[in-house]
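User: I would like a close look at one part of this structure, followed by an account of how that part sits within the whole.

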Protein chains: 2
Amino acid sequence: MNPLTSFCQSLTWTEVAAGIWKAEAGKPEAYTLLRAAGVSPNIAAISAIGEATFPFERDEIVVEIRDGKTYVRLPLAREEQVYGFGLNFQTVHQRGKVMQLHVDHYGNKDNGRTHAPVPFYVSSRGYGVFVNSARYLDIYAGAAVRKDSKHPPEAKDRNTDTTWSSRPYSDAVEILVPAAGVELYIFGGKEPLQAVQRFNLFNGGGCLPPRWGLGFTQRVHRLYTADQVTNEAEEFASRKYPLDFIGLEPGWQSKSYPCTFEWDKTRFPEPAKFVQQMLSKGIRINLWTNPYVSPDASMYEKILPYTGSHTVWVGVVPDLTMPEAQTIFFSQFEKDHVNIGVSGYKIDEVDGYDTWLWPDVATFPSGISAEQMRQTYGVLVQKYSTDMFRKNNQRTYGLVRASNAGASSFPYVIYNDNYSHQDFITGLVNSGFSGVLWTPEVRASKTGEEWLRRMQSVCFSPMAMINAWADGTKPWSFPEVAKQVQEIAMLRMQMMPYWYTAFARYHFQGIPPFRAMNLEEGFTQKAVSVVEKTSLGENPYVEAVTKEIKDQYMAGEYLLVAPMFAGQATRQVVLPTGNWYDFYTGKLAGNGEVITVAPGLDKIPVFVKDGGIIPLMPPLLHAPKSGQKVDLEIRHYGEKPGRYLLYDDDGETYNYEKGQYSWREIRVEKQQNGQFKGSISKAEKNKPDSIGKVTWRFMTN
Amino acid sequence: MNPLTSFCQSLTWTEVAAGIWKAEAGKPEAYTLLRAAGVSPNIAAISAIGEATFPFERDEIVVEIRDGKTYVRLPLAREEQVYGFGLNFQTVHQRGKVMQLHVDHYGNKDNGRTHAPVPFYVSSRGYGVFVNSARYLDIYAGAAVRKDSKHPPEAKDRNTDTTWSSRPYSDAVEILVPAAGVELYIFGGKEPLQAVQRFNLFNGGGCLPPRWGLGFTQRVHRLYTADQVTNEAEEFASRKYPLDFIGLEPGWQSKSYPCTFEWDKTRFPEPAKFVQQMLSKGIRINLWTNPYVSPDASMYEKILPYTGSHTVWVGVVPDLTMPEAQTIFFSQFEKDHVNIGVSGYKIDEVDGYDTWLWPDVATFPSGISAEQMRQTYGVLVQKYSTDMFRKNNQRTYGLVRASNAGASSFPYVIYNDNYSHQDFITGLVNSGFSGVLWTPEVRASKTGEEWLRRMQSVCFSPMAMINAWADGTKPWSFPEVAKQVQEIAMLRMQMMPYWYTAFARYHFQGIPPFRAMNLEEGFTQKAVSVVEKTSLGENPYVEAVTKEIKDQYMAGEYLLVAPMFAGQATRQVVLPTGNWYDFYTGKLAGNGEVITVAPGLDKIPVFVKDGGIIPLMPPLLHAPKSGQKVDLEIRHYGEKPGRYLLYDDDGETYNYEKGQYSWREIRVEKQQNGQFKGSISKAEKNKPDSIGKVTWRFMTN
């Protein structure tokens with residue numbers, strides 16, 4: 001720890017998969033993010049992306065070990081932008097930022113404290129960098145300027161030079177790892193999306209939820225009884241709102257905060273019967289929990305030796321890096337929940353706040369530090385809970401409040417307590433850079449307008465969830481928009497073949513189902529500099545602020561979604577180059593331009609790429625079951641011919657890992673008479689086939 | 001760095017001064033907060049406080065070295081409250097808080113990131129704890145609960161138990177020092193104030209500003225010329241507003257951000273003449289600067305080898321731990337500023353933000369890490385600039401944006417860019433726990449009312465400063481309150497003997513001139529639990545919030561100040577036990593109770609302790625010069641007789657360190673006729689004597 005003990009190191013880069021290079025600086029720690037996630041890269045899928053060249057001159061990457069820490073520097077070119085560094089909620093462009101990556105509840109600042117502070121960034125030049133460390137990493141993403149920089153900014157006199165900036169140009173990303181060594185990875189690509197694909201595939205590929213996971217979900221009041229839950233499901237059915245799974249909040253447990261993980265027999269006297277009855281109505285049950293074990297839990301004494309030094313609300317914290325703790329903890333989940341038919345979990349409070357978690361001074365029996373445990377606990381609960389379902393050959397889809405690198409393949413969606421609709425959308429934009437999923441869930445709303453606007457967004461997201469259990473808002477609670485809410489919810493259901501395929505592409509090709517415009521070809525919107533002059537008295541020096549596009553995103557292969565926020569009558573939409581068409585009418589919307597739309601209250605603006613193909617199923621109230629055939633309406637948009645691969649499997653099991661799936665090729669081609677004609681390939685022999693009758697709709701004429 | 005390598009250590013405590021104990025855990029680092037400050041304890045004054053007992057059973061303090069870090073645990077009793085941990089702005093009670101002490105601009109959260117994150121806390125039980133580390137320290141101040149706690153909280157079911165809390169009772173302060181060893185200090189006391197006194201005296205005692213430093217100060221526009229500054233001073237004089245020093249903002253330098261430290265010859269063609277002319281009018285000049293050296297500065301080439309690896313706005317950062325850097329840097333200050341009569345500095349941007357400073361990845365030629373440099377840079381600039389004035393036997397009084405432990409004796413007041421009047425007052429309250437000074441400076445205001453209310457507060461603070469240079473507001477800018485502003489400013493001047501004595505007590509006895517009610521005898525206001533029920537939808541679990549008294553404070557020996565904020569017509573004031581009297585009328589205000597006051601716009605509520613003695617001088621426009629005699633009106637308040645020691649010295653030099661000062665004893669006693677009578681002792685022979693004619697005023701009848 002002598003501050004003078006420092007040494008520079010030249011790194012040896014090994015290509016560990018096509019276009020993915022790894023190097024070790026110093027002596028990397030044994031416990032890392034990838035070690036916690038414990039997944040295998042999809043080497044074949046990575047190879048299928050093609051070759052890539054190493055994106056730097058190798059000596060441009062500088063590593064030094066000093067003061068017990070590892071310093072890493074990577075170059076940045078002048079016009080380069082960087083994205084990622086985890087689930088940020090306010091900004092997309094990360095160049096110029098200083099952050100400390102730290103699992104925490106998002107506290108209204110993109111400072112590195114977030115639910116998934118993934119140490120991976122993507123460059124606009126088409127490469128990614130990943131630091132495989134489970135420590136709190138200090139990041140200077142083009143924010144610091146070295147005396148010896150080869151591309152120094154110009155010194156300016158702030159007295160008189162109005163172009164002075166508090167953040168002069170910086171030519172490097174600098175990272176401080178508080179450990180005497182670290183593993184580094186570079187992900188190559190022809191464009192940024194390829195680097196993201198490689199990252200996701202290196203982490204085992206994205207998750208493929210069960211079909212029902214992409215349906216509608218409602219969470220009910222924490223003190224609801226079995227009968228009240230049943231009534232809630234019946235009301236959805238009678239009012240004809242779709243519903244695939246219901247989430248039970250803490251009161252299903254006999255005690256919570258800390259938890260027993262056991263059913264409360266007054267509210268749920270016959271849990272197995274209750275779960276089966278719900279299943280028979282087509283409704284799955286998701287259980288809220290956090291992992292802190294109550295002294296009244298039956299597992300308490302057994303798990304005690306495998307728990308940390310500090311408690312969370314007097315509950316003990318299982319050391320989930322230890323097989324003993326994994327077994328004791330999850331075998332009860334298996335027995336009491338999974339084996340009676342429970343479909344998944346909402347795993348709360350594994351992120352922070354600091355006062356809501358074990359402290360950084362805690363110790364764990366495995367010897368893993370509190371800091372490392374904090375950075376990976378969300379990953380561990382995802383991993384071992386998924387394993388439990390996998391053992392039953394049953395897919396799950398749940399919610400979690402913390403994640404990190406390596407977790408792309410775990411079927412969990414991140415949520416939080418923040419409630420800014422705008423931030424929720426920016427979170428969705430950023431989720432695609434980090435191999436995580438995010439839901440802009442709907443809770444309370446002040447007005448019907450807000451309720452509908454939020455619902456429209458949630459229907460174009462990884463999980464269509466209402467989480468209004470605390471105030472009891474139902475989809476139909478605002479009568480003035482109840483019909484529109486129903487319609488958008490049904491549209492969500494109709495689009496299930498499209499969503500499901502988008503997730504299959506996430507799994508097999510690493511393409512995020514929801515992602516930033518910056519990953520879309522033809523999107524060239526540069527940062528717009530805006531000078532705000534509102535508070536001269538409080539900040540005497542006026543400076544330009546960078547504006548970025550953070551309120552629209554890509555959904556699946558073809559769709560550009562531009563949500564409306566309460567209070568807006570119009571909004572601007574930035575369309576990439578190429579023709580884009582209105583999703584609802586098929587009319588040309590624009591091409592490489594900024595358009596202004598006024599969609600009215602009923603619609604969320606959605607645009608389709610030229611040649612886009614959108615498969616729709618009938619508006620069912622529940623997702624199709626395994627083997628259930630559904631008819632398809634296949635829509636085509638624009639002037640270009642189209643080709644689309646529609647994914648199909650049983651929708652419920654892991655049999656797709658054994659090849660039990662098919663890609664159905666859909667083609668739309670112009671005939672000699674100028675009319676479009678569509679075709680769809682047959683299902684492969686002995687592969688699942690869920691497609692009934694097909695009709696075609698050519699939206700643009 | 002093997003996480004399994006950990007060991008517990010029993011500490012050996014050595015009494016290094018009366019009631020001050022020191023212990024070393026592990027292998028403490030060489031560079032510490034006290035090393036940076038480099039001051040000597042005032043052993044005699046510490047002894048004069050008396051004996052103290054060690055506040056713990058020694059084995060209650062636990063230390064462990066693990067994961068390359070030092071873990072420290074100290075016990076907390078059930079009803080104990082803790083204060084301090086630096087310059088917090090929103091809270092006074094620190095028990096239950098999690099923070100990382102980190103020099104930074106205050107970002108609207110008391111999370112350890114502040115201008116003076118002093119690792120010292122004071123217990124309501126009358127002791128203090130200081131961690132002498134220049135690292136970012138993680139603090140769990142009664143916020144974490146161990147499995148093996150001897151005083152465990154009760155597990156509660158959140159489902160049904162409304163007394164459930166997210167922050168169960170914790171019986172310890174836990175600290176993580178990111179180094180394999182640390183020095184710890186315990187400061188004993190019969191009451192919390194004694195622990196604070198010991199801490200301040202151990203740091204050399206509080207600073208004693210020159211008399212003029214306690215007068216009024218105005219900062220002028222950054223591009224003002226010498227003539228414009230002269231005009232500003234003349235306008236103060238002609239309008240009869242007091243003024244002792246004027247602050248020049250960046251434009252006095254030929255270049256700024258980064259700086260040349262050289263006069264701009266277009267705006268200030270003859271700096272020496274300008275400064276002398278101002279001095280002849282009784283106005284001193286204070287110079288803004290930050291310490292980052294412009295490539296255009298004449299010192300640039302010389303200091304370059306002694307600067308850090310990274311620049312700040314392309315300016316180099318002197319390694320001020322190195323004598324070479326100190327000499328090159330400050331010898332220019334001496335030559336160009338101090339030797340021509342400049343009285344002091346405002347040293348900006350030594351705190352943060354993160355994007356406004358060298359990064360934590362920077363290195364410095366001394367081998368001191370960027371983190372340690374960040375924690376101490378404010379201390380270093382205070383120390384070496386003070387030394388420069390001391391060499392001239394001339395006191396200074398300036399402004400600085402960062403400080404830390406050890407800096408009590410440096411004559412600097414902290415300021416920032418935040419502008420919440422309420423937070424400013426809480427900052428003033430907390431400054432007294434940490435051996436720092438804070439100014440609730442006045443900048444722009446939306447209304448005359450706000451302007452006056454802020455001015456009233458600033459006149460009862462360590463530095464009466466208007467810092468409205470950016471928008472150009474003058475004391476008289478709001479005509480509707482110009483007279484009241486003048487009156488409060490003149491009251492500030494009249495009270496100079498009282499303020500000066502308060503600072504003498506800070507220096508000689510370690511008693512903060514401005515301090516929390518919690519350091520006042522008879523103040524027993526317990527935390528009030530308040531349940532707020534405003535956002536059930538957003539936070540379904542309602543919890544009690546602790547209310548604390550953070551909007552009133554003690555000023556000097558006798559005064560309780562309860563500022564009014566814009567928009568308030570009335571406010572509550574918590575009076576400690578004992579009779580308290582209205583400062584303006586002498587009438588009894590209350591005794592150990594909560595009163596409501598409606599003082600009107602003209603007055604800031606101020607209350608005087610029973611038997612309080614307040615010496616006032618005539619309302620001069622400038623502080624008395626060395627040797628200048630001023631008449632005194634000595635006021636007495638209440639029913640009790642009074643005894644007060646009034647401090648006197650030349651007000652400008654360091655001769656007081658050689659004994660050139662006196663304490664004049666003032667007594668007010670009841671005569672047989674029931675009337676009060678006052679007396680004041682004569683000046684000691686050959687000691688400075690600035691007191692002219694004395695008149696007496698017995699305020700309470």
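Which residues of chain A does UniProt list for "domain: Glycoside hydrolase family 31 N-terminal"? Please start from that span and work outwards.

Analyst: The model is a predicted one, and the name of the span comes from a record: in an unreviewed entry, UniProt lists residues 67–135 of chain A for "domain: Glycoside hydrolase family 31 N-terminal". In the model this span is 39% strand and 0% helix, and the C-alpha atoms at its two ends lie 16 Å apart. The same kind of record, again unreviewed, gives residues 632–686 of chain A as "domain: DUF5110"; there the span is 51% strand and 0% helix, with end C-alpha atoms 21 Å apart.

The domain assignment of chain A divides the chain into domain 1 (6–202), domain 2 (211–512), domain 3 (517–609) and domain 4 (613–698). Between domain 1 of chain A and domain 2 of chain A, the centres, taken over C-alpha atoms, are separated by 31 Å. The contact between these two domains involves 45 residues of domain 1 of chain A and 50 residues of domain 2 of chain A, and about 3,800 Å² is buried between them, 57% of it on carbon and sulfur atoms.

The pairing of the chains leads back to the start of the first span. A turn of 180° with a shift of 0.0 Å along the axis lays chain A on chain B with an RMSD of 0.0 Å, and the two copies are therefore related as by a two-fold rotation axis. In chain A, the C-alpha nearest that axis belongs to A:Gly68, at 4.2 Å from it. Both copies use the same surface, since 100% of the contact residues of chain A recur in chain B. Each side is counted separately in the contact, with 83 residues from chain A and 83 residues from chain B, and the area buried between the chains is about 6,300 Å², of which carbon and sulfur atoms give 55%. On the chain A side, A:Lys147, A:Asn159 and A:Val361 lose the most area to chain B, together 12% of what that side buries.

Some local backbone features deserve attention as well. The peptide bond joining A:Tyr257 and A:Pro258 is cis, with omega about 5°, and A:Pro258 lies in the loop between strand S16 (245–248) and helix H5 (271–280) of chain A. In chain B, the bond from B:Tyr257 to B:Pro258 is likewise cis, with omega near 5°. A:Trp313, although not a glycine, has a positive phi of about 50°; A:Trp313 is placed in the loop between strand S18 (310–311) and helix H7 (323–336) of chain A, and counts as buried because its relative accessibility is 4%. B:Lys240 also has a positive phi, of about 65°, without being a glycine, but B:Lys240 is exposed, with a relative accessible area of 52%.

Finally, for the cysteines, a search of the whole structure finds zero disulfides over all chains. B:Cys207 is in no disulfide, and the nearest cysteine sulfur, that of B:Cys459, is 19 Å away. B:Cys207 is buried at a relative accessible area of 1%, and B:Cys259 counts as buried at 0% relative accessibility.

Conventions: Residues are numbered from 1 along each chain as its sequence is written. Chains are lettered from A and ligands numbered from 1 in the order in which they are written. This is a predicted model: local features need pLDDT of at least 70, side-chain atom pairs count only at pLDDT 80 or more; totals for chains, interfaces and linings use all residues. Side-chain values use heavy atoms; hydrogens and water are left out. A disulfide is a pair of cysteine sulfur atoms within 2.5 Å. Buried means under 20% relative accessible area, exposed over 50%, partly exposed in between (1.4 Å probe, protein chains only). UniProt positions are given in the numbering used here, feature names are shortened, and annotations may be inferred rather than shown by experiment. Helices (H or I, at least four residues) and strands (E, at least two) are DSSP runs, numbered from the N terminus. Copies are superposed by least squares on the C-alpha atoms of residues with pLDDT of at least 70 in both. Contact means heavy atoms within 4.5 Å. Domain bounds come from an automatic or database domain assignment. Buried area is the accessible area (1.4 Å probe) that two parts lose on being put together, summed over both.
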